[in-house]
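Here's a quick briefing to read alongside the coordinates. Have the viewer open, and hop around as you like.

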Amino acid sequence: MKSKRSALLASVFVLPTLVSHAAEAQFAPRHQTPVAARAALAGEGVVRGSRIEDIQVHGNDRIEESTIQSYMVSRVGDPFSQDDLDRSLKTLYATGLFKDVTIKRSGTTLIVNVVENPVVNRIVFEGNHAAKDEDLNKVISLRPRAVFSTDEASADRQKILEVYAQKARYGADVTPEIVKLAHNRVDVVFRISEGPQTLVKRIAFVGNKFYSEARLASVVSSKETAWYRFFSSADQYNPERLKYDGELLRRFYLANGFVDFQMVNATGEMSPDRKSFFVTFTIKEGPRYRLGKIDIRSSLRHAPAVSLRKYIELFPNQWYDGNAIQQNATNMEESLQADGYPFAVVRPSIARNPEKHIVNLLFDVSEGPRMYVERLDINGNTVTRDDVIRRQLPMAEGDPYTPVLRKYAKQSMEDLGYFKSVNISQSQGSAPDKVNVSTGVVEKPTGEFSLGGGYSTDVGIIGNIGLKQHNLLGTGVDAGISGTMAYYERQADISFTDPYFLNRNLVVGADIFYINNRYQTYQNYSEGRYGITLRMGYSYTNHLSQSFNYSLMERHVGGVWDHSSQYVLDNQGHSLLSQLGTTIQYDTRDRRIMPHKGFILRLGGDFAGIGGDAKYVRGKFDAAYYLPLDDLMGNHDWTVEFKAGTGYMTDWGGGKQWIIDNFYLGGNNLRGFLDGGAGPRAIGQTWPELGPNGKVRGGEDLLGGRFIYTGSATVHFPIPYASSMGLRGRAFVDTGSLAGLRVAHRWTNKAKDGDYYQGVSGNTLTPRVSAGAGISWQSPFGLLNIDAGFPIMRSRNDRTQVLRFGFGQQF
């Protein structure tokens, strides 16, 4: 910054008075000149009505005389008029081009003396660290080669202070200075003293009786400053955040039965030392209400109220929840529109009973105005093709139009991930029942170059690199190439997916891959595979979909050790897998990442043997149900997750039974156990008389099995005082088992020819059970998962793993 100062020429004039008001002395002529003009006219004794024969301009350097005269109200040939002279003076000042202007009369000549404002040579910021030069340049009005104005400099100073206020630096000080240069040019210097961040020291609540301050503090987004919030901005004071917090409190109380809740005010008071803020929320809770009678009134033809009661998701005596009521009305409306009532409208209304503290609820079902889509317009797309956008819209020209369709159109467009913003608007069509729908989008880059790193207990230290394009040439096609390198794994993949193949509701894709896993941490062999997978999927409804895939891959089992089990030795070498699979899925979850409610059912099957060495049929079923604990816990951060799954495989046609195709239990599907560590396992035996030269053979390897079942119950919960840092906790109980030895040969007896005895352990359906807890941290460096699982029930030779964690991030 000192180098900037050294380059400044001429003398420096500080403008301290800009802090509160413009320089009064400098602007005195601006206010006094009209009076002076009147005095000049009166002193001359001019006979009113005489005309201006000439206008002379003095003092101008850059600005043409004709330009100055064009700004004036008085013209050559006009009579001398005090009012015109006053107005001319004001218009010249209003241009911002002049520091001083005087107008006087000499005979029939009007003389205009001007002092031009200087021109800005450059703008310099000194002392700024929290705000970059380019960010400050975006908010100020002064620009190089523009005319300098003290009023504009004062306004720019205030804009810079507002930038620092947004960064919670309310103690910042900004002083504008000008450095005079030759040819009436100036450098404008904004000297900035940023000061420390002004953080929230205390958050208080006034008027709360039912909920404690600690409970309400967990609702608002503003947080008290603490040493561990170095990655969070929640403790920075922001007036806009206080408004948002007031809305959060209102929603929280309305969702928990407080129908009469009032948010009185939210204030922030700066401490005397200007280093912190004290925030106070003043509220009126009112009484808590429960739902009383729930009824439906219907005026729809062929839809009596009694037939609509199946859509009611609420029940009497539960605490009043405004969000749940509105969501129930929306769900009912959407179901009716999907069942042949496209213009159905559901309006909930409530009736309070203050004496009993109950709310009676009525869903009024009627037919709204009939509206049809006349025209669909697409605006703002510069890369994405119109047809890619149109196919996402749940409507076409001529279709019935409802506000629900507008909501889903916006959501569908945002889910594409191609746009910074999406705006769906409507306008009147050519007739009262016609509407024009306009979709306005702002494109964003859809290419992605990623480098990643992390650590996982499965594969060790991880590094990855990828290049993807999620909207290839604006067609909506997703294509990419990626590679992963870890201590125990190598992987490369080229993928291509068309989400709307042949302009139909059909997903088609392909993957070409290479994978090499070295399992030496818990297996006595390594596995490599390369091949291609072809994929196709179809959505029957918003919830029901089905996918098909075909895989052709070459596999290799190698890297065996001298003490590998006989079962692993049987699997050495190459094999070819040709497999056809399908999965049908029904998904009602509210979101795919961290679901809060809903369920998913998934049924799949694989058939191997269309060529290749492996011949088997494998079936799988998985289910998950998410139960929100909003009513019980009083917030939306608690969720119970139930999961269950099962699978079975059988062989046909005499194909070879490769252990790499088996089911495995442990790790992600049974925490507290090593990957594949539960289930059938080869155990070593000591038979010195067997084997060449008396060597001991028959190591310990995980063999997998034919039949598997799993189940888990997990409670996801917020961590007090740490939710704002992205921390969430969970407690879980997992169970499962794996059985049905599936190997090429059973090495359970001594053979006369000197083959080796190989025992098997854990081939039982006796359940394994584990329990534990974990945390997830959405850190600035990536998602970190840590789980500690403790086996409660296990087989004697099962392998356990108490601590399991993974970390990674793209950057």
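Which residue is the bridge partner of Leu 534 in β23? Tyr 550 is the one. Keep in mind that this is a predicted model. The protein chain has 811 residues, 42% of them buried, and carries 14 helices and 37 strands.

**The chain overall**
- The accessible surface of the protein chain is about 41,100 Å², and carbon and sulfur atoms hold 55% of that.
- Take the contacts in the chain with a separation of 6 or more: 61% of them are between residues 24 or more positions apart.

**Strands β21, β22 and β23**
- β21 (residues 506–518) and β22 (residues 526–539) run antiparallel, with 13 bridges joining them.
- To find that pairing in the viewer, start from Leu 506, whose bridge partner in β22 is Tyr 538.
- On to the next pair: β22 and β23 (residues 544–558) are also antiparallel, joined by 14 bridges, and a hairpin of four residues links the two strands.
- In general, strands of a sheet pair through backbone hydrogen bonds, in either a parallel or an antiparallel way.

**Asn 524, in the loop between β21 and β22**
- Asn 524 sits in the loop that connects β21 and β22.
- Its relative accessible area is just 8%, so Asn 524 is classed as buried, the cut-off being under 20%.
- Beyond its neighbours within four places in sequence, Asn 524 is in contact with eight residues that include Gly 559, Val 560, Trp 561, Glu 700 and Asp 701.
- His 563 is also in contact with Asn 524; the pair is 39 residues apart in sequence, yet 7.9 Å apart in space from C-alpha to C-alpha.

**Gln 579, in strand β24**
- Gln 579 belongs to strand β24, which covers residues 573–587.
- Is Gln 579 buried or exposed? Its relative accessible area is 9%, so Gln 579 falls under the 20% cut-off and is buried.
- The side chain of Gln 579 makes a polar contact with the side chain of Arg 618, at 3.2 Å.
- Leaving out residues up to four places away in sequence, Gln 579 touches Asn 549, Tyr 550 and Ser 551, then Asp 606, Phe 607 and Ala 608, and also Tyr 616 and Arg 618.
- Tyr 550 on that list is the bridge partner of Leu 534 from the opening question.

**Helix α8 and its surroundings**
- Helix α8 (residues 239–254) has 16 residues and spans 23 Å from first C-alpha to last, close to the expected 22 Å.
- Its N-terminal end is capped by Asn 238, which has a side-chain oxygen 3.0 Å from the backbone nitrogen of Glu 240.
- Buried residues of α8 include Arg 241, Asp 245, Leu 248, Phe 252 and Tyr 253.
- What do the buried residues of α8 pack against? They pack against β8, α7, β9 (262–270), β10 (276–284) and α10 (322–338).
- Asn 208 is in the loop between β8 (199–206) and α7 (213–217); with a relative accessibility of 19%, Asn 208 counts as buried.
- A polar atom of the Asn 208 side chain lies 2.9 Å from the backbone oxygen of Tyr 211.
- Among the residues that Asn 208 touches are Glu 213, Leu 216 and Tyr 253, and Tyr 253 is one of the buried residues of α8.

**The three-stranded sheet**
- This open sheet has the strand order β14-β16-β15, with mixed pairing.
- β14 (372–379) and β15 (419–428) are at the edges with a single partner strand each, so one side of each has no neighbour in the sheet.
- Direction ignored, neighbouring strands here are turned by 20° against each other on average.
- Seven bridges pair β14 with β16 (residues 434–443) in the parallel sense, and Tyr 372 has Lys 434 as its bridge partner in β16.
- Helix α12 (residues 403–416) packs on the sheet, where it touches β15 and β16, and its direction makes about 160° with that of β15.

**Positive phi outside glycine**
- Arg 145 has a positive phi of about 70° without being a glycine; Arg 145 lies in the loop between α5 (133–139) and α6 (150–166) and is exposed at 73% relative accessibility.
- His 357 has a positive phi near 55° and is not a glycine either; His 357 is in the loop between β12 (344–353) and β13 (358–367), and its 34% relative accessibility makes it partly exposed.

How values were computed: Residues numbered from 1 in each chain as written. Predicted model: local features only at pLDDT ≥ 70, side-chain atom pairs only at ≥ 80, totals over all residues. Heavy atoms only, no water. Buried < 20%, exposed > 50% of the residue type's maximum accessible area, 1.4 Å probe, protein only. Polar contact = N/O pair within 3.5 Å; in protein donor to acceptor, adjacent residues only side chain to side chain. Contact = heavy atoms within 4.5 Å. Pairing = 2+ DSSP bridges. Axes fitted to C-alpha atoms, helices over the stretch in contact; angles between N-to-C directions. Expected span 1.5 Å × (residues − 1). Areas by Shrake-Rupley, 256 points an atom, 1.4 Å probe, with all protein chains shown as cover.
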